[in-house]
Amino acid sequence: MASILPADPTLDEIRAALAPLIAENAAFDGFGEAALTAAAERIGVDLDVARLAFPGGARDQVDAWFADIDAAMAERWPAEKLATLKIRERITTLVETRLDLLAPRRESLRRALALLALPTNLPFAAKLGWRSADVMWRLAGDTATDYNHYSKRAILGTVYASTLAVFLNDESENFAGTRAFLARRIDGVMRFEGWKHRRAARRAERPSLARFVGRLRYPGR
């Protein structure tokens, strides 16, 4: 499998190549030295070089795997393809695609989330969750730069995290239980977004004292 790397790979290329293989081994060994060693041997990467690609150890391995999931999701659903769907469908599709990509590695995901749940890793876990939510919103076409930029990502991150918790223990066919749970959560998000838009519209329609005084002073404007 060494052919998956160029002749003189960079550390970033080595990291990207090893990430899914580490995740595969993590189902048995957890994220760490054993999973890294097995992945490096599989594609013929010197172990010391492989360690350099993950200076943060197990946390960096999880980080790289989640980045690999982000990239695979974006490859399946490029922005122009998502543009044919309604916004609700875009977000649902992206989350479900992530679940499909994670499905063969549920035990690895369980180990990754257990690692991120350690108190010292909580800020790092929040960073990874934010990144995933940001990737999904950007693919969905979101261009907000005001507080909506942050609220959308915070809400989607919460939805995604709670959906993963259901997904890990879902034994229904084709994860029907998880998909139904996700649909309900997305319903709640869409209702909240609709409320925000209606609230903003009502504010825009309210009389403005500043505009009124301005018209008195400059009646032609």
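Helices here are DSSP runs of H or I with at least four residues, numbered from the N terminus, and their axes are lines fitted to C-alpha atoms over the stretch in contact, with angles running from 0 to 180 degrees between N-to-C directions. This is a predicted model, in which local features need pLDDT of at least 70 and side-chain atom pairs count only at pLDDT 80 or more, while totals for chains, interfaces and linings use all residues. Residues are numbered from 1 along each chain as its sequence is written, and side-chain values use heavy atoms, with hydrogens and water left out.

Two packed helices are described by the angle between their axes and the distance between the axes. Helix 4 (residues 58-76) packs with helix 8 (residues 122-139) at an angle of about 10°, their axes lying 11 Å apart. That angle makes helix 4 roughly parallel to helix 8, a term for angles under 35 degrees, whereas over 145 counts as roughly antiparallel, 65 to 115 as roughly perpendicular and the rest as oblique. Among the residues that make the contact (heavy atoms within 4.5 Å) are Val62 and Phe66 of helix 4 and Phe124 and Leu128 of helix 8.

Helix 1 (residues 11-29) meets helix 2 (residues 33-43) at an angle of about 130°, with axes 8 Å apart, and the two are therefore oblique to each other. Their contact includes Leu18 and Leu21 of helix 1 and Leu36 and Ile43 of helix 2.

Turning to the rings, Phe66 belongs with Phe31 and Trp65 to one aromatic cluster, where rings of Phe, Tyr and Trp (its six-membered ring) pair if their centres lie within 6.5 Å, with planes under 30 degrees apart counted as stacked, over 60 as edge-to-face and the rest as tilted.
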